[in-house]
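Hi,

Here is the structure I promised to pass on. Have a look at it first, and then read my notes below.

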Amino acid sequence: MTAVAEQLRLKLGVVGKGGVGKTTVSGLLARAYAERGQRVVAIDTDSNPNLGLSLGLSLTETEVVPVLPRSTVVGSGGTAAAADLLAQYGRQTPAGPVLLSAIKVAAAGAGCTCSGHATVRSLLGDALEEVDVALVDMEAGLEHLSRSGGTLAHADLLLVVCEPTRKSVLTAARTAALAVELGIPEVVAVGNKARTAQDVAFFQDALSSERIALAGVLPYDDVVAAADRAGPVGLVPVAAEVQRALDDVLAVLDGCRARIAADPARIEAGPWSSRGL
Ligand SMILES: Nc1ncnc2c1ncn2[C@@H]1O[C@H](COP(=O)(O)OP(=O)(O)O)[C@@H](O)[C@H]1O
Ligand SMILES: [Mg+2]
């Protein structure tokens, strides 16, 4: 990683259509950053949280991760400090990152999840001094990327995960449009579950038509699929092919990180400038 890229505290949202592999990719990336010595906080915003499994926790351990308080304003003028929330609600995972769970729907008809998303939004806007990478595994759907929700309003970078289907690329295109509205400076895609050269060509063509940069393509990996059937996947050794693809993605993200760090507007406003909506 370049010195410039390392200096920026990265706030990364992992988004995309349901089932494309957001949680899998979030787990792999969070683990890879931690292996590089970065202090990583991985935030699960799925109402059916399972990022813990992708970071090596057991199902029981994942289920008891405490859920962040709702509608919490973090930082100056708020009711909580980011460091206190981390200390109280963060759980160290075997894969390295600290896990935060933002939303959990425990009962039928429990209402909307907006107040949990509000806490994540505020947390990302505050100075998480102890953190190098804050990665948010987003719930599928575009609702919380809209101007009114805006969970990721303070994110620097969106990584849109796609599978080799037209619908997932359509979701990526809609997401990229919302990112512009939210003022998120960088959006890149990662292709996932590629089985054939045609799948790779599909990602290249379909995403370039939508003017979305493709950071890399992860192959369909039987080990990932089998581990997922068995339970925790976070510590399964990564296949060489997947690792190569992951390294490509990380290199592209480093480039984005360096560009964002060099952005004069950002430097003026400080590394965790809040883009208020
Ligand atoms: N590269 C891959 N190879 C094989 N299976 C994968 C891969 N990526 C994801 N999967 C599988 O696809 C399913 C959905 O993945 P998940 O990460 O939970 O998606 P999302 O978070 O987008 O809903 C899981 O069963 C997971 O094991
Ligand atoms: Mg998921």
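The shell around ligand 1 is made up of seven polar, five nonpolar and four charged residues. This is a predicted model, so please read everything here in that light. Of the 16 residues around the ligand, the ones that come nearest are G21, K22, T23, T24 and D228. Three elements each supply at least two residues of this shell: helix 2 (22-35), strand 7 (186-194) and helix 9 (222-230).

As for the chain overall, you will find 11 helices and eight strands. Of its 277 residues, 49% count as buried. Among contacts with a separation of 6 or more, 79% are between residues 24 or more positions apart.

Helix 10 may be a good one to look at on screen. Helix 10 covers residues 240-262, 23 in number, and spans 33 Å from first C-alpha to last, close to the 33 Å expected at 1.5 Å a residue. Its buried residues are A245, V249, L253, C256, R257, I260 and A261. In an α-helix there are 3.6 residues a turn, so residues three or four places apart point the same way.

A word on confidence: the mean pLDDT of the chain is 85, with 87% of residues at 70 or more. Among the elements, helix 8 (residues 197-209) has the highest mean pLDDT, 98, and helix 1 (residues 3-7) the lowest, 50. Over residues 267-277 the pLDDT is below 50, and this stretch has 14 contacts in the model beyond near neighbours in sequence.

Best wishes

Conventions:
Residues are numbered from 1 along each chain as its sequence is written. Chains are lettered from A and ligands numbered from 1 in the order in which they are written. This is a predicted model: local features need pLDDT of at least 70, side-chain atom pairs count only at pLDDT 80 or more; totals for chains, interfaces and linings use all residues. Helices (H or I, at least four residues) and strands (E, at least two) are DSSP runs, numbered from the N terminus. A residue is buried if 20 or more other C-beta atoms lie within 10 Å of its own, exposed if 12 or fewer, and partly exposed in between; C-beta atoms are placed from the backbone. Two residues are in contact if their C-beta atoms, placed from the backbone, lie within 7 Å. pLDDT is the predictor's confidence in each residue, from 0 to 100. A residue is near a molecule or strand if its C-beta atom, placed from the backbone, lies within 6 Å of it. Ala, Val, Leu, Ile, Met, Phe, Trp, Tyr, Cys and Pro count as nonpolar, Asp, Glu, Lys and Arg as charged, and the others, Gly among them, as polar. The expected span of a helix is 1.5 Å times one less than its number of residues.
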